[in-house]
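Trainee: I'd like a close look at the metal site, please. Take it slowly, and then show me how other parts of the chain are held or shaped.

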Amino acid sequence: MTQAVTVLGIESSCDDTAAAVVRGVPGDMTVLSSVVFGQSELHADFGGVVPEIAARAHAERLDVSVAGALEQAGVSLADIDAIAATCGPGLIGGVVAGVMTAKGLSAATGKPLYGINHLAGHALTPRLSDGIPFSYLMLLVSGGHCQFLLAHGPDDFTRLGGTIDDAPGEAFDKVARLIGLGQPGGPAVEAAARDGDPARFAFPRPLANKPGCDLSFSGLKTAVLRARDDIVAGQAGLTVQDQADLAASFQAAVADSLAGKTRRALAAYLDLAPAQPTLCVAGGVAANMTIRALLETVCAEAHVAFNAPPLALCTDNAAMIAAAAIEQMPYRHPDGMDLSARPRMPLDTKSAAMLGSGKKGAKA
Ligand code: KG4
Ligand code: ZN
């Protein structure tokens, strides 16, 4: 495909209602607009995303999101070449809301409809942000995902490993709650850790000795809980220094775990002799400077380039869904009105299903 196309993308698989317009060709795309309505305040009292509340909020905001994205891009529906929507994996009520919106727009305008795997959206983001050539290695680390993916092509991914229980962002959020910090936990733990001693608590590096690239964060969370309980058993509560030391020691354990498994994933990736070896990261946890610095060091040691798209494209957004459609259009047919929404939807159908699920719902 050499002719640039303009695609409207829709994303509603979790707790962000998003619409975007992207124009271009595979590997060379421009985000004309990207609208994201977060729902954190709606779920704040519940300690996690409530699927029913999320679905209702998506249904209420999808039309304004689409209208906003078109307006900000300065285009009308007539200028759009295709409509793309996340069709899984995710919280089913939200995914249904997005798919139904896309079907309605497609039926009304006659424009082709593309159902996009949310994980493909994340995994193809380095093509949108920086035109990174295939094959690259992707580490997806957020509140709902944790996977190493070899991206060979727009619809050709191999999963090398991932979490067998919690996603790392979920662990950051839970640890923040355990040690009395605010939400979202990632930035709060990172800020507290700046004044902390990462060596005060010897937290585990789960699965470090197990071959392969799988990760686990649930035991680490329990270890932080025990350490906290030991401290509060002997004094009235946690001091600010205790909070900082717990945060720093936990963050060091997450960073070490990710770095260790990244070394293994890089070894498997480099066996393929890629033309321009690159590790790409995506997801909210990739914003963490300690984790990012350690991953950059691991890449430098392996003579592999490190790529981190801007945070607005790393966290959930609809530009990545429109971009994934532009990448995939040359290789696939549009979907029909029988496109279904799927709670689980593995990106790599050749590998066994993943056991882990994030706080934001089961991820395949
Ligand atoms: O990608 P994202 O915005 O949403 C999805 O999970 O899809 O990721 C949000 C997660 C939250 O769990 C948040 O605590 C974590 O990313 N996070 C961080 C940081 N900023 C956000 N974790 C560690 N350090 C950070 N600076
Ligand atoms: Zn996501």
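Mentor: Let's start with a word you'll need: donors are N, O and S atoms within 2.8 Å of the metal, and water is not among the atoms, so a site may look incomplete. Keep in mind, too, that this is a predicted model.

Now find the zinc ion (ligand 2). Its protein donors are H118, H122 and H145, each through NE2, plus D316 through OD, and they lie 2.1 to 2.3 Å from the ion. Where do these donors fall along the chain? Their spacing reads H-x3-H-x22-H-x170-D. Take the pair H122 and H145, which links distant parts of the chain: H122 belongs to helix 4 (residues 118–123), while H145 is in the loop between strand 6 (136–141) and strand 7 (146–153), 23 residues away. H122 and H145 are both buried.

What about the geometry? Four donors count as tetrahedral if all angles lie between 85 and 135 degrees. Around the zinc ion (ligand 2), the angles run from 87 to 157°, so the arrangement is irregular.

Side chains can also join parts of a chain without any metal. Side chains of opposite charge can pair when their charged atoms come close. By the salt-bridge rule, the model has ten such bridges. One of them pairs K221 with D166, at 2.5 Å from N to O. Here again distant parts meet: K221 is in helix 8 and D166 in the loop between strand 8 and helix 6, 55 residues apart. K221 and D166 are both buried.

Compare that with a pair inside a single helix. K174 and E170 form a salt bridge at 3.6 Å, and both lie in helix 6, four residues apart, about one turn of the helix. How exposed is each partner? K174 is partly exposed, because its relative accessibility is 29%, but E170 is buried at 7%.

Another bridge joins D256 and R205, at 2.9 Å from N to O. D256 sits in helix 9 and R205 in the loop between helix 7 and helix 8, so this pair ties together parts 51 residues apart in sequence. D256 is partly exposed at 36%, and so is R205 at 30%. Elsewhere, salt bridges that share partners join R200, D242 and D245 into one network. Back at D256, there's a handy distance to look at: D256 and P204 are 52 residues apart in sequence, and 9.9 Å apart from C-alpha to C-alpha.

Next, cysteines. A disulfide is a covalent bond between the sulfur atoms of two cysteines. How many does the model have? The count comes to zero. Why doesn't C14 form one? Its sulfur is 15 Å from the closest cysteine sulfur, in C146, which is too far for a bond. C299 tells a similar story: the closest cysteine sulfur, in C280, is 9.2 Å away, again too far. C14 is buried, with a relative accessible area of 2%, and C299 is buried as well, at 1%.

Then there's the backbone. Most residues other than glycine have a negative phi, and most peptide bonds are trans. Where does this model depart from that? The peptide bond from G88 to P89 is cis, with omega near -10°, and P89 is in the loop between strand 4 (82–88) and helix 3. Q183 and P184 are also joined by a cis peptide bond, with omega about -5°; P184 is in the loop between helix 6 (168–178) and helix 7 (185–193). For positive phi, look at L207, near 65°, in the loop between helix 7 and helix 8 (218–234). A273 has a positive phi too, near 50°, and its place is the loop between helix 9 (240–270) and strand 9 (278–282). L207 is partly exposed at 23%, whereas A273 is exposed at 61%.

Last stop, the surface. I92, V96 and M100 make up a nonpolar patch there, with about 250 Å² of accessible area together. M100 is in helix 3 (residues 92–109) and counts as partly exposed at 49%. For contrast, turn to F157 in strand 8 (residues 156–162), which counts as buried at 1%.

Key: Residues are numbered from 1 along each chain as its sequence is written. Chains are lettered from A and ligands numbered from 1 in the order in which they are written. This is a predicted model: local features need pLDDT of at least 70, side-chain atom pairs count only at pLDDT 80 or more; totals for chains, interfaces and linings use all residues. Side-chain values use heavy atoms; hydrogens and water are left out. Donors are N, O and S atoms within 2.8 Å of the metal (3.2 Å for Na, K and Ca); water is not among the atoms, so sites may look incomplete. Four donors count as tetrahedral if all angles lie between 85 and 135 degrees; four count as square planar and six as octahedral if opposite donors are over 155 degrees apart and all others between 65 and 115; anything else is irregular. Helices (H or I, at least four residues) and strands (E, at least two) are DSSP runs, numbered from the N terminus. Buried means under 20% relative accessible area, exposed over 50%, partly exposed in between (1.4 Å probe, protein chains only). A disulfide is a pair of cysteine sulfur atoms within 2.5 Å. Patches are made of residues with over 30% relative accessible area and no salt bridge: like charges are joined within 9 Å, nonpolar side chains (Val, Leu, Ile, Met, Phe, Trp, Tyr) within 5 Å. Accessible areas come from the Shrake-Rupley method with a 1.4 Å probe; for residues, only the protein chains shown count as cover. A salt bridge is a side-chain nitrogen of Lys or Arg within 4 Å of a carboxyl oxygen of Asp or Glu.
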